[in-house]
Amino acid sequence: MFKKILIANRGEIAVRIIRACREMGIKSAAIYSDADKTSLHTRLADEAHYMGESTASQSYLNKSKIIDLAKKIKADAIHPGYGFFSENSDFIKTLEDEKITFIGPSSKSVSMMGNKTAARELMSKSGVPIVPGTTKPISSVDEGIDSAKQIGFPVLLKAAAGGGGKGMRKISSVQEFKDAFEATKREAMKSFGDDSIYIEKYIENPRHIEVQVIADKHGNYAHLFERECSIQRRHQKIIEEAPSSFIDSETRNKITQAAVNAAKACGYFNAGTIEFLMDSKKTFYFLEMNTRLQVEHPVTELISGIDLVKEQINIALGHKLSFKQEDLKIIGHAIESRIYAEDPANNFLPATGIISEYKIPSGPGVRVDDGFGTGSEISVYYDPLISKLIVWAKDRTSAIHRMNRALSEYQITGLINNISFLKSIFSDEKFIHGQIDINFLEREIGHIIESSNENNILFEDAAAIISALLKEKALVRKKEDSYYSPLKNDNNNWSSLQYD
Ligand code: ADP
């Protein structure tokens, strides 16, 4: 068993990993930046180490500092969470050379799947259907136009090193292609340090369906079914659910088998996700592989009963998968809402500020994965994700009711957030009937914003009454609120966190 795991991340995912470590009797070591001196992950871990200034390059992306720390504190392994170093093959290779266990796949698998054109080529050779398009970067406008004509407009110009929904453009004609080629390349260079771009057929109104895969170091592979992640803004997910209400068991068998084949093709071990687009005829196409734990992993945990983080740790230890494929079945329905500090009415502009009041929902079937609380600051330095609200119920309709109930209990004041916007989505008839695809939000945004404004007015009335009722209890509540009281006692030396 590992004695100590260093968590090279922050926010809710660092907290999620700390919780798994604690349940497994493993000591957790957190890292933190100036902006996170008092963050929950910093306070909750068994030890916390100061990395540097808030800018990620000085702290959560400071490779040598993190590796030196792992050696100094004798950490047996590093869990990268998602983002930061989680898909950085160079970082993983250094750990492999230093004999520090990385809780994730090998650097080789990560580099095989990290470049989208290389991954597409590998998938295509391995019989996994890919979105029609090029499997090599395009080197000139003319070459690109020839390919686009063969594929058929509209096409998407995408960055080979892309991620986070950035750097893709829809192109509908030869002229548009000419105009966009250089600009897309420049953008790719600026965002990803690599100007390679390629072409994919633009799939009209598909669903985003992904499959959770997992494998040990002994060649055992399994999948944990699919997640539907079609509710997106700016090509980024905000609501995810499992299972997908769109697919039947035959399609499920096909897509999960394709996902396992994809993982086998790159010699994968640990947890990973194969993303697909699925059109209205249920034809699916490989999009990319995320070689890490996903933000939306909790929905899979709730319908499968498997703790993915613990499973990841066991795999890193060299253990076999704790279950067999045939042991798994889908139980009920789970939905996740990403609670962001952002303004849906203003093109989802990220918001910053201090959370002045924070009250999370609870009750049957409700899970909140968060890393912040009353008094926390959402800063410009990192992703504006405040928390993830995940619900489980016996079927999709009950899960939607439960999500609505839980969202109405959620109180975040002090900064703009998307809670009432999410509520409007869960009250939308088309969403309720599962009539969704990746362009759902873009199409429906007008009336969703409108009904969320109405929600807001009702919510403000209710909030004013609740706040008046709670005022006299405020002092008591503050004392009880775990976010207020330092979790460490004097012996644990809370103040030294600031200087370590
Ligand atoms: P990233 O790695 O930047 O997240 P992806 O390739 O995973 O990019 O795509 C992100 C999202 O962009 C998808 O979920 C989908 O909404 C949209 N998208 C990507 N490729 C296509 C395509 N070929 N046709 C239509 N939509 C696409």
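Colleague: Which classes of residue make up the shell around the ligand?

Modeller: Eight residues of that shell are nonpolar, seven polar and seven charged. Nonpolar covers Ala, Val, Leu, Ile, Met, Phe, Trp, Tyr, Cys and Pro, charged covers Asp, Glu, Lys and Arg, and the others, Gly among them, are polar. Bear in mind that this is a predicted model: local features need pLDDT of at least 70, side-chain atom pairs count only at pLDDT 80 or more, and totals for chains, interfaces and linings use all residues. Residues are numbered from 1 along each chain as its sequence is written, and side-chain values use heavy atoms, with hydrogens and water left out.

Colleague: Which residues come nearest to the ligand?

Modeller: Of the 22 residues around the ligand (a heavy atom within 4 Å of it), Lys 116, Lys 158, Gly 165, His 208 and Gln 232 come nearest.

Colleague: What makes the pair between Gln 232 and the ligand a polar contact?

Modeller: The term needs a pair of N or O atoms within 3.5 Å; within protein, one must be able to donate a hydrogen and the other to accept it, and residues adjacent in sequence count only if both atoms are side-chain atoms. A polar side-chain atom of Gln 232 lies 2.7 Å from a ligand oxygen, so the pair qualifies. For Ile 203, a backbone N or O atom is 3.0 Å from a ligand nitrogen, so that pair fits too.

Colleague: How much of the ligand does the protein cover?

Modeller: It covers 96% of the 550 Å² of accessible area that the ligand has on its own (Shrake-Rupley method, 1.4 Å probe; for residues, only the protein chains shown count as cover).

Colleague: Why is Asp 36 called buried?

Modeller: Buried means under 20% relative accessible area, exposed over 50%, and partly exposed in between (1.4 Å probe, protein chains only). Asp 36 has 1% relative accessibility, so it counts as buried. Its side chain also has a polar contact of 2.5 Å with that of Tyr 60.

Colleague: And Asn 270: buried or exposed?

Modeller: Buried, because its relative accessible area is 0%. Asn 270 also has a positive phi of about 80°, although it is not a glycine.

Colleague: What about Phe 348: is it buried or exposed?

Modeller: At 6% relative accessibility, Phe 348 is buried as well. Phe 348 has a positive phi too, about 60°, and is not a glycine.

Colleague: Where are there cis peptide bonds before proline?

Modeller: One runs from Phe 153 to Pro 154, with omega near -5°. Another joins Ala 242 and Pro 243, where omega is about -5°.
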